[in-house]
Amino acid sequence: MKIAFVHDFLVQNGGAERVLRALHALWPDAPIYTIVHDPKRIHADFKTKDIRPSFLQKMPFGVSRYQWFLPWM
């Protein structure tokens with residue numbers, strides 16, 4: 001069985017990110033798909049994970065102002 005996690009934004013260290021860390025501890029090989037990912041603002045546990053952001057990550061201001069890109073989400 002293949003498992004992948006999908007999370008909206010990995011740009012802070014809140015409750016949803018703690019749940020994602022707990023679930024990822026159960027399936028450590030599962031990739032994490034997200035719209036944007038800011039490695040400077042999230043927990044250190046995510047630094048070694050397989051995180052696959054969308055194309056919006058590479059847009060100008062894609063990480064800092066991801067709300068501007070709502071029509072493309």
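Start with the salt bridges: this predicted model holds two of them.

**First stop: arginine 21 and aspartate 45**

Select arginine 21 and aspartate 45 and show their side chains. The two form a salt bridge, with 3.3 Å between the closest N and O atoms. What does this pair tie together? Arginine 21 sits in helix 1 (residues 15-26), while aspartate 45 belongs to the loop between strand 2 (32-37) and strand 3 (51-53), so the contact links parts that are 24 residues apart in sequence. Switch on a surface if you like: arginine 21 is partly exposed, at a relative accessible area of 24%, and aspartate 45 is also partly exposed, at 38%.

**Second stop: arginine 52 and aspartate 50**

Now move to arginine 52 and aspartate 50. Here the closest N and O atoms of the salt bridge are 2.8 Å apart. Arginine 52 is partly exposed, with a relative accessible area of 36%, and aspartate 50 is partly exposed too, with 34%. Keep arginine 52 selected, as you will meet this residue again in the sheet.

**Third stop: the strands**

Hide the side chains and turn to the cartoon. Select strand 1 (residues 5-10) together with strand 2: they pair in the parallel sense over five bridges. To find a point of contact, pick phenylalanine 5, whose bridge partner in strand 2 is isoleucine 32. Then trace the chain between these two strands. It leaves strand 1, passes through helix 1 and arrives at strand 2, making a right-handed β-α-β crossover. Helix 1 is also where you found arginine 21, so the first stop and this one share an element.

Next, add strand 3 to the selection. Strand 2 and strand 3 are parallel as well, pairing over three bridges. Which residue of strand 3 is the bridge partner of tyrosine 33? That partner is arginine 52, the residue whose salt bridge with aspartate 50 you have just visited. While the strands are in view, look at where their side chains point: in a regular strand, side chains alternate between the two faces of the sheet.

**Last stop: glutamine 57**

Follow the chain into the segment after strand 3, where glutamine 57 lies. Glutamine 57 is partly exposed, with a relative accessible area of 21%. The cut-off for buried is under 20%, so glutamine 57 falls outside that class. Finish by drawing a distance from its C-alpha to that of aspartate 38: glutamine 57 and aspartate 38 are 9.0 Å apart in space and 19 residues apart in sequence.

Technical notes:
Residues numbered from 1 in each chain as written. Predicted model: local features only at pLDDT ≥ 70, side-chain atom pairs only at ≥ 80, totals over all residues. Heavy atoms only, no water. Salt bridge = Lys/Arg side-chain N within 4 Å of Asp/Glu carboxyl O. Helix = DSSP H or I, 4+ residues; strand = E, 2+ residues; numbered from the N terminus. Buried < 20%, exposed > 50% of the residue type's maximum accessible area, 1.4 Å probe, protein only. Pairing = 2+ DSSP bridges. Right-handed = clockwise from strand over helix to strand, strands pointing away.
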